[in-house]
Amino acid sequence: MLPPKAIPFLLAGDLNCVPESASYQLLLKKFTPSCTGCGFTIPVNNPNRVIDHIMWTNAPGFTVKSSSVVNEPYPSDHLPVIAEIVIK
């Protein structure tokens, strides 16, 4: 069995914080974001900030193959974020 710190943990969704915020900077102490300079996610019409994120605990073996914002405004008031993460 893996020790608790070695078990990967994914966090994804509307975190209501921009990368420059203190709360996001606090998350970076334990989590790795799927991208830096990520595309804007809100509002869906003329987005101007990033508040939706995908990140994981600093576990070995995680690499990002791709990460992007999908320009699809229909299902939500936020644009969706997708990431393809390789876990070894």
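# Report on a predicted chain

N16 is exposed, with 59% relative accessible area; here buried means under 20%, exposed over 50% and partly exposed in between, found with a 1.4 Å probe and protein chains only. The model is a predicted one: local features need pLDDT of at least 70, side-chain atom pairs count only at pLDDT 80 or more, and totals for chains, interfaces and linings use all residues. Residue numbers start from 1 along each chain as its sequence is written, and side-chain values rest on heavy atoms, with hydrogens and water left out.

## Overall layout

The chain contains 1 helix and 5 strands, taken as DSSP runs numbered from the N terminus (helices: H or I, at least four residues; strands: E, at least two). Their order along the sequence is β-α-β-β-β-β. The C-alpha trace spans about 45 × 25 × 20 Å along its principal axes.

Of the 88 residues in the chain, 25% are buried. Contacts are heavy atoms within 4.5 Å. Of the contacts in the chain with a separation of 6 or more, 58% are between residues 24 or more positions apart. The exposed area of the chain is about 6,000 Å², and 60% of it comes from carbon and sulfur atoms; the areas follow the Shrake-Rupley method with a 1.4 Å probe, and for residues only the protein chains shown count as cover.

Charged side chains number 6 positive and 6 negative, and the centres of the two sets are 17 Å apart. Lys and Arg count as positive and Asp and Glu as negative, while His and the chain ends are not counted. Each charge is placed at NZ of Lys, CZ of Arg, CG of Asp or CD of Glu.

## Strand β1 and the aromatic pair

L10 belongs to strand β1, which covers residues 10-14. Outside its neighbours within four places in sequence, L10 contacts M55, W56, F62 and I85. L10 also has a C-alpha to C-alpha distance of 6.7 Å to T57, 47 residues away in sequence.

The whole structure holds 2 aromatic pairs. One of them joins W56 and F62, which are both among the contacts of L10. The rings of W56 and F62 have their centres 5.6 Å apart and their planes at 40 degrees, a tilted arrangement. Rings of Phe, Tyr and Trp (its six-membered ring) pair if their centres lie within 6.5 Å, with planes under 30 degrees apart called stacked, over 60 edge-to-face and the rest tilted. W56 is buried at 4% relative accessibility, and F62 is buried at 11%.

## Backbone features in the loops

N16 lies in the loop between β1 and α1 (22-27). Its phi is near 55 degrees, a positive value in a residue other than glycine. The C-alpha atom of N16 is 9.3 Å from that of H53, and the two residues are 37 apart along the chain.

The loop between β2 (31-33) and β3 (52-57) contains P43. The peptide bond joining I42 and P43 is cis, with omega about -15 degrees. N46 is placed in the loop between β2 and β3 as well. N46 is not a glycine, yet its phi is positive, about 60 degrees. Like N16, N46 counts as exposed.

## Cysteines

The count of disulfides is 1, where a disulfide is a pair of cysteine sulfur atoms within 2.5 Å. It joins C35 to C38 at an S to S distance of 1.7 Å. The link of C35 and C38 is right-handed, with 120 degrees about the S-S bond. C17 takes part in no disulfide, and the nearest cysteine sulfur, that of C38, is 11 Å away.

## Accessibility by residue

The table gathers the residues discussed above.

| Residue | Relative accessible area | Class |
|---|---|---|
| N16 | 59% | exposed |
| C17 | 5% | buried |
| C35 | 18% | buried |
| C38 | 22% | partly exposed |
| N46 | 69% | exposed |
| W56 | 4% | buried |
| F62 | 11% | buried |

The two ends of the disulfide therefore fall in separate classes, C35 as buried and C38 as partly exposed.
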